[in-house]
Amino acid sequence: MFRGLTTLGSAAILAFGLSVVPAAAGGANDVLKNYADVAQAGYEDSLETARTMQLAINQFLSSPTEPNLRAARAAWIAARIPYMQTEAFRFGNPIVDEWEGRVNSWPLDEGLIDYVAEVYGTESPENALYTANVIKNVSLSIGGKTIDTSKLAKALLSDELQEAGGVEANVATGYHAIEFLLWGQDLYGTEAGAGERPATDYDAKNCTNGNCERRAAYLSTVTELLIDDLEWMADQWAQGGEARKTVMDAGEDGGLTIIMTGLGSLSYGELAGERIKLGLMVHDPEEEQDCFSDNTHAAHFFDALGIRNVYTGRYRRADGSVVNGPSISDLVKAKDPKVDAEVMTKLDATMDAMNTLYLRALTTESYDQMIGEGNEEGNKVVQAVVDALLAQTKALERAIATLDLKAIEFEGSDSLDAPEAVGEAE
């Protein structure tokens, strides 16, 4: 039986059992209700851990020391744990998918936000704002229009800068903007090391790299904006919320299709493909998700755990309590116990592969090193995760057939569906 890991910062590790406690039997409507309950709990936990992160960031900004910077970074890592588990709700629910870019867009052209090293370059043919450096400049030209950036307000970040010029890499908000502001660029490539931004980048009395007060204002504002966005999404899953209502009003087959679309799409195209296989194919650390902090191993782990949570209808909250109720697993088991057993076996195999990757990141080398060219052992560990996710997706497809749902089209990825196209692009 798989035993998982959770982290609070870079050192504290707590093992916990994930054996599934059977919930009370229920019909499809009960499964949909529990699905919404799990989503609500996950987004509430994401909100509360983000608020804790805000406290740590505020303490750092009021006293910009290295210990306070480390505490803010640890709080960011802790805040990622519940949020990544919510990504299983993304693809089947348009209300989540349309919102997700505000909080978790990546990769980002960090030169939009702040100073960058020379190796980053000075321009990009795809992005006119590649080195715009909004922290340094009090006005910017976007699409021929002059934008006043003297006040780093929420509306500026979310409405003017986020995906400015229609370029997805112009990420001005969310977890990864905060991550960059806390860690700075990771200039080590596939060698050991993460971002090393000094605390003095925020110290107005001993300022390094200029614009310390504006940098502090940006970090404060973008953190407040993340909390606003998480509050909004938590409300969508609460009683009377639009996301919960959409799932419950979809009917039994419609609601189950929403759930399985989210599970299959995250398992296949998004996680196995875009987030893992693509970076492994091109051996590029820019294709790792939490690239500034070297926290990508945890991001992948908790994404996969989120899939397992939804299938089993069970989520362990940040406070240790458990949300547990009728699940997709119960419905599949009632129709064909062998199919449910297969899905559970594949889910466990995925988490075991993730566990191996996670422990390697903690003890041997970071994720960006694992995907490095010529690192046969590290590549093998990452490929094992991809293989497990693909086998898991096949099992989820059999569960869909067992539930007599119409064929569901999962999100795809060129890295899996047309790898020759990735080679041509490179």
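Start with the lining of the largest pocket and colour it by class: you get 17 nonpolar, six polar and twelve charged residues. Keep in mind as you click around that this is a predicted model. The lining comes to 35 residues, and Asp109, Tyr130, Asp284, Glu286 and Glu287 are the ones that lie nearest the centre of the pocket. Show those as sticks. The space inside is about 820 Å³. Rolling a probe the size of a water molecule over the atoms is what shows where empty space is left. Now switch to the ribbon and highlight helix 8, helix 14 (414-417) and helix 15 (419-425), each of which gives at least two residues to the lining of the largest pocket.

**Next stop: the loop between helix 8 and helix 9**

Select His283, which sits in this loop. Check its backbone: phi is near 50 degrees, a positive value in a residue that isn't glycine. With 24% relative accessibility, His283 counts as partly exposed.

Stay in the loop between helix 8 and helix 9 and pick Gln289. Is Gln289 buried or exposed? Gln289 is buried, at a relative accessible area of 1%. Bring up what surrounds it: leaving out residues up to four places away in sequence, Gln289 touches Arg80, Met84, Asn104, Trp106, His176, Glu179, Arg275, Thr296 and Ala299. Draw a distance between the side chains of Gln289 and Arg275, and you'll find a polar contact of 3.4 Å.

**Along to helix 9**

Click on His300, in helix 9. His300 counts as buried, because its relative accessibility is 0% and the cut-off for buried is under 20%. Beyond its neighbours within four places in sequence, His300 is in contact with Leu271, Arg275, Ile276, Met354 and Tyr367. You've met Arg275 before, as the partner of Gln289 in that polar contact.

**A cis peptide**

Trp106, one of the residues that Gln289 touches, is worth a click of its own. Look at the peptide bond running from Trp106 to Pro107: it is cis, with omega near -10 degrees. Pro107 is placed in the loop between helix 3 and strand 3.

**Strand 3 and helix 4**

Move on to Ser139, in strand 3 (residues 139-142). Ser139 counts as partly exposed, at 39% relative accessibility. Apart from neighbours within four places in sequence, Ser139 has contacts with Thr146, Ile147 and Thr149. For a sense of scale, select Glu87 as well: Ser139 and Glu87 are 52 residues apart along the chain, and their C-alpha atoms are separated by 35 Å.

Now highlight helix 4 (residues 154-161), where Leu156, Leu157, Ser158 and Leu161 are buried. What do the buried residues of helix 4 pack against? Turn on helix 3 (94-104), strand 3, strand 4 (145-148) and helix 6 (212-237), and you have the packing partners. After helix 4 comes Glu163, with a positive phi near 55 degrees.

**Over to helix 1**

Zoom to Leu47, which belongs to helix 1. Leu47 counts as buried, at 8% relative accessibility. Its contacts, setting aside neighbours within four places in sequence, are Ile227, Leu230 and Glu231. Then put a C-alpha to C-alpha distance on Leu47 and Pro82: they are 35 residues apart in sequence and 9.0 Å apart in space.

**Helix 10 and its neighbours**

Select helix 10 (residues 328-335) and show its buried residues, Ile328, Ser329, Leu331 and Val332. They span an arc of only 165 degrees around the axis, so they end up on the same side of helix 10. Add helix 1 (28-62), helix 8 (251-282), helix 9 (296-312), helix 11 (337-363) and helix 13 (376-402) to the view, since these are what the buried residues of helix 10 pack against. Zoom in on the start of helix 10, where a side-chain oxygen of Ser327 comes to within 3.3 Å of the backbone nitrogen of Ser329.

**Last stop: Asp404**

Finish at Asp404, in the loop between helix 13 and helix 14. Asp404 isn't a glycine, yet has a positive phi of about 60 degrees. Is Asp404 buried or exposed? With a relative accessible area of 56%, Asp404 is exposed.

Notes:
Residues are numbered from 1 along each chain as its sequence is written. This is a predicted model: local features need pLDDT of at least 70, side-chain atom pairs count only at pLDDT 80 or more; totals for chains, interfaces and linings use all residues. Side-chain values use heavy atoms; hydrogens and water are left out. Buried means under 20% relative accessible area, exposed over 50%, partly exposed in between (1.4 Å probe, protein chains only). Helices (H or I, at least four residues) and strands (E, at least two) are DSSP runs, numbered from the N terminus. The arc is that of the directions from the helix axis to the C-beta atoms. Contact means heavy atoms within 4.5 Å. A polar contact is a pair of N or O atoms within 3.5 Å; within protein, one must be able to donate a hydrogen and the other to accept it, and residues adjacent in sequence count only if both atoms are side-chain atoms. On a 1 Å grid over the protein atoms alone, a cavity is a set of points where a 1.4 Å probe fits but cannot get out, and a pocket is an open set with protein on both sides within 12 Å along at least five of seven lines; lining residues have an atom within 4 Å of a point. Grid points are joined across faces, edges and corners, and a volume is the space filled by probe spheres set on the points. Ala, Val, Leu, Ile, Met, Phe, Trp, Tyr, Cys and Pro count as nonpolar, Asp, Glu, Lys and Arg as charged, and the others, Gly among them, as polar.
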